[in-house]
Amino acid sequence: MFRAAVEHAKRHPGLIPQMFFICLGMGGAFMYLIRLARGPHVTWNKTENPEPWNKLDPTYQYKFVAITTDYKNLKKEGPEF
């Protein structure tokens, strides 16, 4: 399959940038899915730790980019479990 794509790209060199950006987009989407799957709100083993989000520090930054939130001065609002 890869060989056929290379042969096709040799005949039509204008498709090379398109193939590059498609592969780049697919790779970025895959890496983002891996990042989401390893997040603090995801439970893969319910017997070992059914609620992993309760063990996080109140200063943990949940968002990818938090512009206006200062997590250093954040107080914990709930009880300790």
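# Reading a two-helix chain

In the protein chain, 6% of the contacts (heavy atoms within 4.5 Å) with a separation of 6 or more are between residues 24 or more positions apart.

User: What kind of model is this, and how are residues numbered?

Analyst: The model is predicted: local features need pLDDT of at least 70, side-chain atom pairs count only at pLDDT 80 or more, and totals for chains, interfaces and linings use all residues. Residues are numbered from 1 along each chain as its sequence is written, and side-chain values use heavy atoms, with hydrogens and water left out.

User: How many helices and strands does the protein chain have?

Analyst: Helices (H or I, at least four residues) and strands (E, at least two) are DSSP runs, numbered from the N terminus. Here there are 2 helices and 0 strands. Helix α1 covers residues 2–11 and includes V6; helix α2 covers residues 16–37 and includes F21. Y60 is in the segment after α2.

User: Which feature does UniProt place at residues 15–34?

Analyst: UniProt positions are given in the numbering used here, feature names are shortened, and annotations may be inferred rather than shown by experiment. The unreviewed UniProt entry places a "transmembrane region" there. In the model, residues 15–34 are 95% helix and 0% strand, with the end C-alpha atoms 29 Å apart.

User: Why does F21 count as exposed, and V6 as partly exposed?

Analyst: Buried means under 20% relative accessible area, exposed over 50%, and partly exposed in between (1.4 Å probe, protein chains only). F21 counts as exposed because its relative accessibility is 54%. V6 is partly exposed because its value is 31%, and Y60 is partly exposed because its value is 36%. Buried residues make up 6% of the 81 residues in the protein chain.

User: Which residues form a nonpolar patch on the surface?

Analyst: Patches are made of residues with over 30% relative accessible area and no salt bridge (a side-chain nitrogen of Lys or Arg within 4 Å of a carboxyl oxygen of Asp or Glu); like charges are joined within 9 Å, nonpolar side chains (Val, Leu, Ile, Met, Phe, Trp, Tyr) within 5 Å. F20, F21 and L24 form this one, with about 350 Å² of accessible area together (Shrake-Rupley method, 1.4 Å probe; for residues, only the protein chains shown count as cover).

User: How many aromatic pairs does the structure hold?

Analyst: Rings of Phe, Tyr and Trp (its six-membered ring) pair if their centres lie within 6.5 Å; planes under 30 degrees apart count as stacked, over 60 as edge-to-face and the rest as tilted. The structure holds 1 aromatic pair. F20 and F21 form an edge-to-face pair, 5.2 Å centre to centre, with 70 degrees between the planes.
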